[in-house]
Amino acid sequence: MTLPTLFIPHGGGPCFFMDPAGGPPDPMWRGMQAYLAGLIPSLPERPRAILLVSGHWETRDVAVYVGNGQPLLYDYHGFPPHTYHLQWPAPGAPDVARRAAGLLEAAGFATSEEGTRGWDHGVFIPMMVAVPNADIPLAQMALRHDLDPRAHIAIGRALAPLRDEGVLIVGSGMSFHNLGARGPQVTPIADQWDAALTAAVTDPDPAKRADRVARWGELPYAKFAHPREEHLLPLMVALGAGGDDAAVCDYRDHVLGWAVSGYRFG
C-alpha cells in the first residue's frame with residue numbers, strides 16, 4: 001500500500017492546548033484541530049512511522065534526527081505557563097531517519113545525523129492532535145538552510161520510496177505565514193494568494209505543478225504571505241515525494257484573518 005504525502009498547517013504556537021483544563025481551544029482553531037485529528041483515520045492504512053519536515057528546523061545540508069524527540073523544544077514565546085509542560089512521548093524512528101538519509105545520499109544530497117535536538121513545536125503540537133496516544137514512531141528531517149524550492153522538491157522525490165514502506169511523509173508549516181499582518185483587512189489579500197497557491201499545487205500535470213510551485217515567488221502577494229519562506233518549504237518536500245499522484249486541497253479555513261490550506265498528494 002502506498003501512503004499519500006501531506007502538507008499540514010501546524011497552527012500558531014500551542015494554539016490547540018491553551019486551556020489548562022484541557023477544554024476546547026479558541027473557536028478559531030477548531031476547524032484546523034478537527035482536520036489534524038482526522039488525518040490518520042483518513043489514510044488507507046495506519047503508518048508504521050512518520051517522517052516529518054518542520055518549518056522550525058534548518059541546517060546547512062539535510063539533517064535527520066535519530067533521537068527520541070525528548071525533551072521537547074518549546075520554541076514559542078509568551079504563552080500560558082502550562083503550555084511549556086505539554087508532552088508528546090512518541091518513540092523516535094532512527095531506522096526511518098537513516099533510511100531517509102541513505103535515499104538522499106544516493107540522490108546526491110549531503111546529509112548528517114542529529115541525536116540530541118528534540119522535537120520543535122512544528123512537530124509535537126500538530127502530532128498531539130493527529131496522534132494523541134503518541135503511538136506512531138516519528139523521525140524529523142531538517143530543511144536545507146538555502147530554502148531552494150527546486151532542491152526541496154528533489155529531496156522529496158528522493159524520499160518517495162518510503163511511501164511504500166509504511167512511512168507517512170508530512171510537511172509541517174503554514175500556507176500563509178506573515179506574523180506581522182493579522183485581522184480582517186488581511187483576508188482579501190490572503191485569499192488571492194491562497195487561490196493562486198492552490199491552483200499551482202493542484203495542477204493536474206505533475207511537471208507543471210512542480211514548476212509552478214517552485215516559482216511560488218511569482219504568485220500574487222507571495223512575499224506578503226511569506227516574508228521568509230521557511231514555513232512554505234515543507235510543502236515542496238511533500239509535493240516532491242507525491243510524485244505523479246493527484247494533488248488536492250483537503251483543508252481550507254481562516255485564522256487570524258489568514259486563508260490557510262492543507263494539501264494531500266496521492
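**Exercise 1.** Find which residue stands opposite V167 in strand 6, and work out how strand 6 pairs with strand 2.

*Solution.* Start at A49, which stands opposite V167 in strand 6. Helices (H or I, at least four residues) and strands (E, at least two) are DSSP runs, numbered from the N terminus. Next, look along strand 2 (residues 49–59): 6 bridges join strand 2 to strand 6, and the two run parallel. Two strands count as paired if DSSP finds at least two bridges between them. Now turn to strand 1 (residues 5–9), which pairs with strand 6 in the parallel sense over 5 bridges. Here I8 is opposite S172.

A word on the model: it is predicted, so local features need pLDDT of at least 70 and side-chain atom pairs count only at pLDDT 80 or more, while totals for chains, interfaces and linings use all residues. Residues are numbered from 1 along each chain as its sequence is written, and side-chain values use heavy atoms, with hydrogens and water left out.

**Exercise 2.** Sort the residues of strand 6 by the way they point, and decide whether they are buried or exposed.

*Solution.* In a regular strand the side chains alternate between the two faces of the sheet. In strand 6, V167, I169, G171 and G173 point one way, and L168, V170 and S172 the other. Then check burial (buried is under 20% relative accessible area, exposed over 50%, partly exposed in between, with a 1.4 Å probe and protein chains only). In strand 6 (residues 167–173), 7 of its 7 residues are buried.

**Exercise 3.** Identify the residues through which helix 6 and helix 8 meet.

*Solution.* R209, A210 and V213 in helix 6 meet L235, M236 and L239 in helix 8, contact being heavy atoms within 4.5 Å.
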